[in-house]
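User: I'm new to this one and would like a close look at a single part. Could you walk me through where the ligands sit and what is packed around them?

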Amino acid sequence: MNNTPMLPALTGITRDELGTHLQENGQPGYRADQILDWVWKKRPAGIEQMSNLPKALREHLQGHFSLYPLIPARDLGASDTTRKMLYKLHDGRYIESVLIPANPALYGGRADRLTLCVSSQVGCAYGCKFCASGLNGFTRNLSAAEIAAQVLQTEMLAGDRIDNLVFMGMGEPLANMKNLLQAIELITSPWGLNLGARHLTISTSGLVPQIRELARHPRQIRLAISLHGATDEVRNQIMPVNKKFPTAMLFDALHDWNSNKKQHLTLEYILIEGINDDLEQARILAKHALALKAKVNLIPYNTVAGLPWRRPALSHCQAFRNVLTKAGVTATLRLEKGHDIEAACGQLRLIQETADGLIQ
Ligand code: SAH
Ligand code: SF4
């Protein structure tokens, strides 16, 4: 594996940090805004193209920073309208971001909007029994520069503006809190990507202390919970995180979230045959969803090679949804081909490079 050390990328630095750096190096403060305008708005191929900066400053920047941290490695247009972007990191690892020109009504978007599913870590330490991302364990956190650059560089490749972000790629974003918070600043600030916080949805398997911390974040970001079981009995079987943060603690934290945030919560619920699809689970789920004023997003399980789980029959998925809707819960069931966007995200796994090419 290639371990070339890399200079910190300009996509990871905040306006204040850049201002301080420039001041310490005898540069006027307004240069920070000029540089950030290049990075986030004008998007040049290299630092040398930042034409309104003096040559000495460009050389200084080149000695201290790189511009973009991700190397585009593959752009896979799927048979449907989703596109998987594969990026190589400076240490030779790979991550994927999934571009979905779908109707993300669930996350507050409009029909003609582009959603990007971003990764927050290489691998995942949480080991949910159904998930491809955790199969090979945890490798490392992504830096804020790497998280934010997935949006910037995908916009550059796609030649289009991304409207919504879901943190549903590889990794547990709340286990990488410091970098996640910095990335949120880079993505939502006017000097950065300038994307409204309401267009960001952070998904978590249920890390209670971090949910409480994020509830106090000043921006109106959205939260999705990968619930996948309405009781401890069911959740314990498939999500080891539930042993540490059982459902009672989790629901308490979600009520706390609601008292701090305006946007409705989303409860994600994968339907896995014989594991969590009993209609009794639907009845309990309905009670919690109503109490939390949360929407429920039902996702029929997508097969992962090497794992034994299967999705229930369509009629059973619909029966499960009907229990929720009859109870008054807003519930969607993703069945149409090409619309299983969370599945695309949930199926990301570690990619390794071999002499023969990439293996997944
Ligand atoms: N770690 C965070 C963020 C990743 S989100 C979290 O778990 O919320 C990835 C989403 O895809 C999660 O809701 C996850 O439960 C779901 N997922 C994982 N494997 C899946 C599969 N095989 N089919 C459908 N969804 C899956
Ligand atoms: Fe990690 Fe989320 Fe997959 Fe669980 S579902 S292993 S927390 S990425």
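Analyst: Let's start with ligand 1, keeping in mind that this is a predicted model. There are 19 residues around ligand 1, and the ones that come nearest are Gly171, Ser203, Ser226, His228 and Asn302. Now for some of the polar contacts. Ser203 brings a polar side-chain atom to 2.6 Å from an oxygen atom of ligand 1. Asn302 uses its backbone instead: one of its N or O atoms is 2.8 Å from a nitrogen atom of the ligand. Glu172 also joins in, with a polar side-chain atom 3.2 Å from a nitrogen atom of ligand 1. Taken alone, ligand 1 would expose 540 Å², and the protein buries 95% of that.

Glu172 takes us on to ligand 2, since it also belongs to the shell there, along with Gly171 and Ser205. The rest of that shell is Cys124, Tyr126, Gly127, Cys128, Phe130, Cys131 and Ser133. Sorted by type, the shell around ligand 2 has 5 nonpolar, 4 polar and 1 charged residue.

Phe130 then leads us into the protein's interior. Along with Leu165, Ile187, Leu254 and Val296, it is among the residues with the most contacts inside the largest nonpolar core, which has 100 residues. Both domain 1 (10-64) and domain 2 (71-359) supply at least three residues to this core. Apart from it there is another core, of 6 residues, including Val98, Ile100, Val166 and Met168.

To see the packing up close, take Ile187. Setting aside neighbours within four places in sequence, Ile187 is in contact with Ala148, Val151, Leu165, Phe167, Leu193, Asn194, Leu195 and Leu200.

Key. Residues are numbered from 1 along each chain as its sequence is written. Chains are lettered from A and ligands numbered from 1 in the order in which they are written. This is a predicted model: local features need pLDDT of at least 70, side-chain atom pairs count only at pLDDT 80 or more; totals for chains, interfaces and linings use all residues. Side-chain values use heavy atoms; hydrogens and water are left out. A residue is near a molecule or strand if one of its heavy atoms lies within 4 Å of it. Ala, Val, Leu, Ile, Met, Phe, Trp, Tyr, Cys and Pro count as nonpolar, Asp, Glu, Lys and Arg as charged, and the others, Gly among them, as polar. A nonpolar core is a set of buried Ala, Val, Leu, Ile, Met, Phe, Trp, Tyr and Cys residues joined through side-chain atoms within 4.5 Å. Buried means under 20% relative accessible area, exposed over 50%, partly exposed in between (1.4 Å probe, protein chains only). Domain bounds come from an automatic or database domain assignment. Contact means heavy atoms within 4.5 Å. A polar contact is a pair of N or O atoms within 3.5 Å; within protein, one must be able to donate a hydrogen and the other to accept it, and residues adjacent in sequence count only if both atoms are side-chain atoms. Accessible areas come from the Shrake-Rupley method with a 1.4 Å probe; for residues, only the protein chains shown count as cover.
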